[in-house]
Amino acid sequence: MMATFRTAAGAALLSLAALPVLAAQAPGADVQSIERGRYLATAGDCIACHSVPGGKPMAGGLALATPLGAIVATNITPSKTHGIGNYTLAQFSAAVRHGVRADGAHLYPAMPYTAYAKVTDDDTAALYTYFMHGVEAVDTAPSQKTDLPFPFNIRLSMAGWNLLFLDKKPFVADASKSMEWNRGAYLAQGLAHCSTCHTPRNALMAEQLSQDLGGADLGTWYAPNITSDVNSGVGGWSQQELAGYLRTGRAASKAQAAGPMAEAIDHSLKHLSDADLNAIAHYIKSVPAIRDKADVKPVTQWGQPGNELGAIRGVPLPQDLNRMSGAQLYDAQCASCHHARGEGSADGSLPPLFHNSVTGRSNSNNLVMAILDGVERQDGGSGHLMPAFRQTLSDEQIVTLGNYVQQMYGNPAVKVTPQQVTTLRNGGAPSNLIGLARAGIIVGVLVLLGLLLWWRGRRRKETSAV
């Protein structure tokens, strides 16, 4: 339903690999099926949304920010009082693949069942075994519940949305393609749910299938075009580079993961096998190319090293720090890590600002978000690759610094605007879907009343004629 659901998911700083295997405490459980289900749950990144920092794995409670309000993830441990411990396999399958709970209530597509619908029966059964026997039961309910504004608080409305946009057919292999392609397509379209973030949405918040993986705003961050286009997408990447990026979040002279993508890598993708990552990369490189007209050359080929810091040596800072120049702000906040010429660190852990997709794309949201919230990774290191400047820099300073970075090291035609920075700082642009839905209901009621009045008037005329 919304591409923004993944944005808050990475707040759960837990590794799926750390989940306990409770097979020894579950007589009759198939250990092999549990481990297979664990791997599939890792591919599906279940823990990212259903866990909170410092909380029990899969116990729910994480509030996922959406344009319609917060959607709170539920407890999906095998608790019989507050989780899914009483679910049958059929009920589990209906929830995971069709978005319908055991009590018949509809889920919101914050849980990407539109993608999980591709999962096979066998893999669904393995997931069920894992959740029932490989996850510790937590007998407490999340401290808050989903409470969306009218009319979206009426879950039955999702039944109509599903009729329009949910394809319930599991993945069917393409006999004309290789085994590697089919494996990659199965994972990318299904459990890895790539399109949930990377495909733009229509007015009803359903994925625009004609723009598959063509890039989409996630409220604040931007999930870029990952089609096979050479300029806008990953057409210029080798399969090895793309697979390496999926594991590490880094591709030299191309890109580095931040925001929701970094979360997906740390919680999910980096735990997958080399064969599966290569299969996903192989499939993604085959997705039909979509090009943004503004991308007149590959987004990774913009910019060059440069240094304007000599011109500000000995120049006093203005009394009003909001009037600092871009060079002064860069020198004060960026040069110590990205170096004077924007070349980054020698080991690649701190990337260059030129030949970087963040500064080369026509959408500058990720540059602004990296400045606001920094870059954080949970890969065994310190976790913080770039500090957040949300509390340090004003909107005006971020606009000045962002435009300096774009002019010096990126696509100079791309601008950072004051409204953009203010909007992103405040969580993204508000949705007009609530107002449209309410207006639609009012119009519908008025139409029904009009029809009723017309029908009553006609009946009266017929009665008078008799």
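This is a short tour of a predicted model, going from the whole chain down to a few salt bridges, residues and one helix pair.

**The chain as a whole**

The protein chain runs to 466 residues, and 48% of them are buried. Its secondary structure adds up to 18 helices and eight strands. If you take the contacts between residues at least 6 apart in sequence, 68% of them join residues at least 24 apart.

**Salt bridges**

Side chains of opposite charge can pair when their charged atoms come close. How many salt bridges does the structure hold? The count is 14, and three of them are set out here.

| Salt bridge | N to O distance | Helices joined | Separation in sequence |
|---|---|---|---|
| Arg-36 and Asp-123 | 2.4 Å | H1 (residues 31–44) and H5 (residues 121–133) | 87 residues |
| Asp-121 and Arg-97 | 2.8 Å | H5 and H3 (residues 89–98) | 24 residues |
| Arg-247 and Asp-274 | 2.8 Å | H9 and H11 (residues 274–284) | 27 residues |

Start with Arg-36 and Asp-123, whose side chains meet at 2.4 Å, N to O. Here the link is between distant parts of the chain, with Arg-36 sitting in helix H1 and Asp-123 in helix H5. The two ends have their own surroundings: Arg-36 is partly exposed, at 40% relative accessible area, whereas Asp-123 has 7% and so counts as buried.

Helix H5 turns up again in the next pair, this time through Asp-121, which bridges to Arg-97 at 2.8 Å. Because Asp-121 lies in H5 and Arg-97 in H3, the bridge ties together parts that are 24 residues apart in sequence. Is each partner buried or exposed? Asp-121 is exposed, with a relative accessible area of 54%, while Arg-97 is buried at 9%.

The third pair is Arg-247 with Asp-274, and its closest N and O atoms are 2.8 Å apart. It also links distant parts of the chain, running from helix H9 to helix H11. Arg-247 is partly exposed at 25%, and Asp-274 counts as exposed at 53%.

**Two buried residues and their company**

Arg-97 comes back in the surroundings of Tyr-113, a residue of helix H4 (residues 113–116). Tyr-113 has a relative accessibility of 0%, so it counts as buried. Leaving out neighbours within four places in sequence, what does Tyr-113 touch? Its contacts include the run Ala-95, Val-96, Arg-97, His-98 and Gly-99. Leu-107 and Tyr-108 are also among them, as are Met-158, Trp-161, Asn-162 and Leu-166. Asp-167 is 54 residues away from Tyr-113 in sequence, with 9.9 Å between their C-alpha atoms.

Thr-227 is another residue at 0% relative accessibility, so this one counts as buried too. Where is Thr-227 found? It belongs to the loop between strand S4 (221–223) and helix H9 (239–248). A polar atom of the Thr-227 side chain is 3.0 Å from the backbone nitrogen of Ile-290. Ile-290 is also listed among the residues that Thr-227 touches, together with Val-287, Pro-288 and Ala-289. Beyond those, Thr-227 contacts Asp-212, Leu-213 and Gly-214, plus Gly-233, Val-234 and Gly-235, with residues up to four places away in sequence not counted.

**Cysteines without a bond**

A disulfide is a covalent bond between the sulfur atoms of two cysteines. This structure holds zero of them. Why is Cys-194 not bonded to Cys-197? The closest cysteine sulfur to that of Cys-194 is in Cys-197, and at 8.9 Å it is too far for a bond; a disulfide would need the sulfurs within 2.5 Å. Cys-197 is likewise in no disulfide. Both residues are tucked away from the surface in terms of accessibility: Cys-194 is buried at 14%, and Cys-197 counts as buried at 8%.

**Helix H7 against helix H11**

Two packed helices are described by the angle between their axes and the distance between the axes. For helix H7 (residues 179–189) and H11, the angle is about 90° and the axes are 7 Å apart. H7 is therefore roughly perpendicular to H11. On the H7 side, the contact is made by Glu-180, Trp-181, Arg-183, Gly-184, Ala-185, Leu-187, Ala-188 and Gln-189. H11 brings in Asp-276, Asn-278, Ala-279, Ile-280, His-282 and Tyr-283. H11 is also the helix that holds Asp-274, the partner of Arg-247.

Technical notes:
Residues are numbered from 1 along each chain as its sequence is written. This is a predicted model: local features need pLDDT of at least 70, side-chain atom pairs count only at pLDDT 80 or more; totals for chains, interfaces and linings use all residues. Side-chain values use heavy atoms; hydrogens and water are left out. Helices (H or I, at least four residues) and strands (E, at least two) are DSSP runs, numbered from the N terminus. Buried means under 20% relative accessible area, exposed over 50%, partly exposed in between (1.4 Å probe, protein chains only). A polar contact is a pair of N or O atoms within 3.5 Å; within protein, one must be able to donate a hydrogen and the other to accept it, and residues adjacent in sequence count only if both atoms are side-chain atoms. Contact means heavy atoms within 4.5 Å. A salt bridge is a side-chain nitrogen of Lys or Arg within 4 Å of a carboxyl oxygen of Asp or Glu. Axes are lines fitted to C-alpha atoms, for helices over the stretch in contact, and angles run from 0 to 180 degrees between N-to-C directions. Angles under 35 degrees count as roughly parallel, over 145 as roughly antiparallel, 65 to 115 as roughly perpendicular and the rest as oblique.
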